[in-house]
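This report goes through one structural model, beginning with the ligand surroundings and moving on to the sheets and the chain as a whole. The model itself is shown first.

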Amino acid sequence: MTGAEVRICVCGDEATGKSSLIMSLWKDEAIPTFSGTVLPMVTMSLGLDAPISTTIVDTSPLPQDRNTLKREIRKANVILLVYSDHYLPVVLCANKSDLRPDVDVAQVAEEEMMPIMQEFKEIDSCIRASAKEHRNVDEAFYLCQRAVTHPIAPLYDSKEQNLKPAAVEALRRIFFLCDKDQDGILNDEEIAKFQNRCFGKPLNPSELDEIKHTLHKISSDCVTDTGITEKGFILLNRIYAEKGRHETTWAILRTFHYTDSLSLKESFLHPKFEVPPFSSAELSPIGYRFFVDLFLLFDKDNDGGLNQSELSSLFRPTPCLPPPWQQQSTTNNFPSSTVCTENGHITLQGWLAQWSMTTFEDPKTTLEYLAYLGFEAPSSSSLSSSSSSSQSATSQTRTTSSSTTTCALKLTKPRKRRRQRRRTQRVERSVVHAYVLGSPSSGKSSLLDALLSRPFTQTYNPTIKPLKTVNSVELPLGKQIYLILSELGELEPAILENPQKLDNCDVIVYTYDSSNPDSFEYLINLRKNHKALDDLPCVYVALKADLDKTTQRSAVQPDQYTEEMGMPPPIHVSVRWSSVAELFVQIAEAALNPLGNFPRTEPEPVDRSSLYLAAGVTACTACAFLYIWRKASPATFGVGVIGWLRSGWVGGWWGAS
Ligand SMILES: Nc1nc2c(ncn2[C@@H]2O[C@H](COP(=O)(O)OP(=O)(O)OP(=O)(O)O)[C@@H](O)[C@H]2O)c(=O)[nH]1
Ligand SMILES: [Mg+2]
């Protein structure tokens with residue numbers, strides 16, 4: 001057809017870019033976005049050697065334009081059929097196979113179909129069918145359905161003839177989670193469990209032997225005497241994909257909560273779990289058991305601590321360490337936040353304490369990591385018996401799915417609002433949080449270290465970034481609870497002004513350095529400046545009791561100050577004494593039994609009948625006390641008298657004599 005005119009009809013679905021192509025040709029430039037309607041017909045000279053007059057006709061695929069389209073197609077010499085090049089699976093069906101009855105099907109597959117599939121990634125599968133003989137008809141339509149429900153493209157690269165990297169990564173993670181004894185091999189028992197979990201039925205021994213045999217034939221390091229290696233597991237899935245049996249791989253991936261784009265399902269990583277106001281989240285017995293088992297499994301050298309390589313292997317199925325644990329995070333200085341061995345390796349006690357803290361502060365992170373780490377909810381029958389004692393989150397669990405991680409957590413009963421707490425009898429929690437407040441260098445960080453039984457150090461490093469430590473504390477009746485101590489550093493003023501942050505705190509520990517005369521004043525000012533502190537139970541602690549006690553230069557001495565508030569006097573301790581452990585029990589008890597640990601701010605009604613008697617007794621006691629004190633500590637007497645004179649109460653007594 002020389003010298004003639006060529007008429008091109010540009011057809012295609014809506015928004016496939018027909019008009020943009022014509023526009024780009026016409027203007028000879030790139031058309032980033034074009035959202036016009038149908039272009040008018042254009043005629044131009046096209047061609048490299050001998051330009052030919054060419055007419056280009058744009059069309060519309062809309063039903064109302066169907067007649068115009070038909071007319072244009074009839075007039076055209078050629079159709080440019082346009083589609084957008086995003087992935088749409090294609091099933092290639094060779095119909096009328098009855099016309100070549102003697103053909104070798106395997107040969108057709110090998111010589112005709114496979115090369116096409118390798119060349120065009122859109123081709124999901126090929127099939128020979130015959131409508132006349134009703135052969136492979138159902139199968140052809142089943143393949144179409146499967147191309148949507150179990151697409152090959154995310155799993156297998158037909159050009160490379162290999163599994164895609166994301167699929168390999170997901171399968172490696174699944175292998176790791178199924179390798180329950182962490183020996184790098186899936187033994188027969190592990191395979192049986194895996195098979196049951198993914199396909200709901202056992203694998204018979206001869207099938208398993210056949211699989212092993214097939215793998216072994218391909219490569220000797222796919223199978224060992226005890227089972228299948230990771231390489232074997234991946235290879236098996238590659239074979240499935242090559243043979244068009246990739247539903248098997250999808251069944252595995254979906255059992256382990258992967259989406260079609262091979263990420264973990266959002267609902268699995270972040271299940272619905274709300275902590276109501278004034279409640280807190282804790283690990284349930286099932287949750288603790290999971291973390292105990294995990295620790296024991298990964299403490300390969302059995303030295304009671306997880307070293308760096310054991311930790312990284314434990315966290316392999318996760319993207320990284322939980323974000324709040326990371327060094328740059330201001331919330332949590334892992335692993336120095338909890339109990340470690342001399343070498344700085346986290347112990348089992350520390351591991352459980354750390355997770356208790358994370359769950360308390362950020363239950364969503366715990367849920368996310370339970371999912372990553374392969375937590376499996378026990379069947380619903382065992383679940384109801386083990387969690388019936390606690391106010392558990394399992395009620396949420398049962399209504400959704402038994403595979404959710406929320407049964408590893410429980411919610412505590414809401415405790416009273418802050419202002420009502422002073423009437424609270426008992427708080428039912430096994431994780432409590434204390435803020436440690438006090439003047440610079442009063443010994444707060446050393447106290448946080450003492451909670452972890454760390455050896456005392458003289459070095460002073462002022463705290464700027466907030467610090468936290470957590471450990472278990474045994475209460476007198478044998479109950480174990482986790483105590484979180486927080487030193488607020490430079491964030492102290494902001495946190496004390498934030499009602500929400502104060503609600504997260506169960507008890508305030510007011511500390512001062514009993515050897516430093518300027519230390520107590522800080523606490524008096526703190527309470528004056530942050531009135532909301534008085535809504536929280538508290539404990540007063542005089543630190544550094546191993547050093548000489550000195551009179552405080554504050555207007556009121558600590559004992560008197562606490563007495564006026566109707567509170568127990570400060571507890572004198574030194575982190576250099578082993579008895580400091582008792583302080584942690586007292587802090588925990590104050591959090592759990594707040595009654596009697598609130599500062600009395602409003603005046604109590606006065607009973608005048610006993611007032612005179614009381615005043616007389618006080619004067620005598622003070623007199624006797626001064627005498628004893630003078631005899632016992634002559635070296636500090638001078639400072640003492642000045643301190644006493646400054647206080648109104650002693651001044652009154654002095655004048656009266
Ligand atoms: N003798 C003695 N010294 C202590 C004791 N506790 C802490 N110290 C020392 O007191 C100094 C300050 O201790 P830190 O624990 O850092 O004080 P801090 O309250 O955390 O200080 P900031 O973070 O700056 O507010 C350090 O040199 C400690 O070694 C104790 O019980 N006895
Ligand atoms: Mg400090």
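## Surroundings of ligand 1

In this predicted model, helix α17, spanning residues 444–451, supplies the largest share of the shell around ligand 1, namely 3 residues. The shell comprises 20 residues, of which Gly443, Ser445, Ser446, Tyr460 and Thr463 come nearest to the ligand. Sorted by class, the residues around ligand 1 divide into 10 polar, 6 nonpolar and 4 charged.

## The six-stranded sheet

An open sheet of 6 strands, with mixed pairing, follows the order β16-β17-β15-β18-β19-β20. Its edges are occupied by β16 (467–474) and β20 (571–572), and because each of these has a single partner strand, one side of each is left without a neighbour in the sheet. In general, the strands of a sheet pair through backbone hydrogen bonds, in either a parallel or an antiparallel sense.

At the β20 edge, the pairing with β19 (residues 538–543) is parallel and rests on 2 bridges, and within β20 it is isoleucine 571 that stands opposite valine 541. Helix α22 (residues 580–592) packs on this sheet, where it touches β15, β16, β17 (480–487), β18, β19 and β20, and its direction makes an angle of about 110° with that of β15. Another helix, α20 (residues 520–529), lies across β15 (431–438) and β18 (507–513), and runs at about 145° to β18.

## The four-stranded sheet

A further open sheet, also of mixed pairing, consists of 4 strands in the order β2-β3-β1-β4. Here β2 (42–46) and β4 (78–82) are the edge strands, each of them pairing on one side only. When direction is ignored, neighbouring strands of this sheet are turned against each other by 30° on average.

Strand β1 (residues 6–12) runs parallel to β4 and is joined to it by 5 bridges; glycine 12 has valine 82, in β4, as its bridge partner. Helix α2 (residues 66–75) lies across β1, β3 (52–58) and β4, and its course is at about 145° to β1.

## The chain as a whole

Taken over the whole protein chain, the secondary structure amounts to 25 helices and 20 strands. The chain has 657 residues, and 31% of them count as buried. Among the contacts in the protein chain with a separation of 6 or more, 67% are accounted for by residues 24 or more positions apart.

Definitions and conventions
Residues numbered from 1 in each chain as written. Chains lettered and ligands numbered in written order. Predicted model: local features only at pLDDT ≥ 70, side-chain atom pairs only at ≥ 80, totals over all residues. Near = placed C-beta within 6 Å. Nonpolar A, V, L, I, M, F, W, Y, C, P; charged D, E, K, R; others polar. Pairing = 2+ DSSP bridges. Contact = placed C-beta atoms within 7 Å. Axes fitted to C-alpha atoms, helices over the stretch in contact; angles between N-to-C directions. Buried ≥ 20, exposed ≤ 12 C-beta atoms within 10 Å, placed from the backbone.
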